[in-house]
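Notebook open, coffee poured. I want to go through this one piece by piece and jot down what I look up.

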Amino acid sequence: MVGPPRTRFRTVLEGLIGLTIGGLVVRTYLVAGMVVPFEVASGSMAETLLGPHYRLICTRCSGEFVCGADDPPAVALAVCPRCGWKGNDLAGQPVVPGDGVLIVRGTYWIRSPRRWEVIAFRPADTPRRLAVKRVVGLPGETVQIRQGDVYINGTLARKSLSQQLAVCQLIYSAADEAAMHGG
């Protein structure tokens, strides 16, 4: 069975509708940023993601560490997180730009956010900027912080070993200690 013949008008109209939809898709997702390059602008996600920072070597223990540079320091000295030395001079040190992040906007069309994963969003108080944070609470949950621990619906929220390793930061290394003392 053969349908009615297509008219030239209908063919042109369908073509224009297809071009319009295609143009909107290209503009929305490719030009306007389905994938958005972004530079981290603060140190609130360190060590996972670094904003502008100084990369320093402690003058006392020779350990390498980073110090945030997103706010001008009141005192141009940095404290070493390994040995606690407060005399690491920032004067003349170059500022290293923040880490680059690629934001894929369509991820949550496919699935919901997961606890502890890094997300980007526009804060209500500064909608022209992006914030990068970790998901802690999910819809319908009550989140509390008690003495530095996170509780979800009254139960201590524990990270799995792989999640802990993904966010851990080395603060002491016996190998560095031995190397410092010639051991």
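Which residues form a nonpolar patch on the surface? I get Phe 9, Leu 13, Ile 17, Ile 21 and Val 25, with about 500 Å² of accessible area together. Note to self before going on: this is a predicted model.

**Entry: the helix**

I started with Phe 9 from that patch. I find Phe 9 in helix α1, which covers residues 8-31. Its relative accessibility comes out at 64%, and the cut-off for exposed is over 50%, so Phe 9 counts as exposed.

I then looked for charged pairs in the same helix. Glu 14 makes a salt bridge with Arg 10, with the closest N and O atoms 3.0 Å apart. Both residues sit in helix α1, four residues apart, which is about one turn of the helix. I checked how covered the two partners are: Glu 14 is partly exposed at 35% relative accessible area, and Arg 10 is partly exposed too, at 48%.

**Entry: the other salt bridges**

How many salt bridges does a search of the whole structure find? The search gives four. As a reminder, side chains of opposite charge can pair when their charged atoms come close.

Glu 117 and Arg 111 are one such pair, and their closest N and O atoms are 3.0 Å apart. I wanted to know whether Glu 117 is buried or exposed. Glu 117 has a relative accessible area of 18%, and buried means under 20%, so I log it as buried. Arg 111 is partly exposed, at 25%.

Next I pulled up Glu 141, which forms a salt bridge with Arg 115; here the closest N and O atoms are 2.7 Å apart. Why does this pair tie together parts that are 26 residues apart in sequence? Because Glu 141 lies in the loop between β8 (131-134) and β9, while Arg 115 lies in the loop between α2 and β7. Glu 141 is partly exposed at 25% relative accessible area, and Arg 115 is partly exposed at 23%.

**Entry: the largest pocket**

Rolling a probe the size of a water molecule over the atoms shows where empty space is left. I looked up the largest pocket and noted about 420 Å³ of space in it. It is lined by 21 residues, and the closest to its centre are Ile 103, Val 104, Arg 105, Ile 119 and Ala 120. I also asked which elements give two or more residues to the lining. Those are β6 (100-104), α2 (107-110) and β7 (118-121).

**Entry: the β2 and β3 hairpin**

Strand β2 (residues 53-57) and strand β3 (residues 64-68) run antiparallel and are joined by five bridges. I picked out Ile 57, whose bridge partner in β3 is Glu 64. There are six residues between the strands of this hairpin, and in it Ser 62 takes a positive phi near 65 degrees.

**Entry: the three-stranded sheet**

Strands of a sheet pair through backbone hydrogen bonds, either parallel or antiparallel. I then traced an open sheet of three strands and wrote down the order β9-β10-β11, with antiparallel pairing. Its edge strands are β9 (143-146) and β11, each of which pairs on one side only.

Strand β10 (residues 149-152) is joined to β11 by two bridges. Tyr 151 has Leu 156 as its bridge partner in β11.

Thr 155 is in β11 as well, a strand that runs over residues 155-156. I have it down as exposed because its relative accessibility is 51%, with the cut-off at over 50%. I also took the C-alpha to C-alpha distance from Thr 155 to Val 143: 9.4 Å, with their positions 12 residues apart in sequence.

**Entry: positive phi in the loops**

Where is Gln 147 placed? Gln 147 is in the loop between β9 and β10. Its phi is near 50 degrees, a positive value in a residue other than glycine. At 84% relative accessibility, Gln 147 counts as exposed.

I found Asn 153 in the loop between β10 and β11. Phi is near 50 degrees for Asn 153, again a positive value in a residue other than glycine. Asn 153 is partly exposed, with 47% relative accessible area.

Key
Residues numbered from 1 in each chain as written. Predicted model: local features only at pLDDT ≥ 70, side-chain atom pairs only at ≥ 80, totals over all residues. Heavy atoms only, no water. Buried < 20%, exposed > 50% of the residue type's maximum accessible area, 1.4 Å probe, protein only. Patch = residues over 30% accessible without salt bridge, like charges linked within 9 Å, V, L, I, M, F, W, Y side chains within 5 Å. Areas by Shrake-Rupley, 256 points an atom, 1.4 Å probe, with all protein chains shown as cover. Salt bridge = Lys/Arg side-chain N within 4 Å of Asp/Glu carboxyl O. Pairing = 2+ DSSP bridges. 1 Å grid on protein atoms, 1.4 Å probe; cavity = no way out; pocket = protein on both sides within 12 Å on 5 of 7 lines; lining within 4 Å. Points joined across faces, edges and corners; volume = space filled by probe spheres on them.
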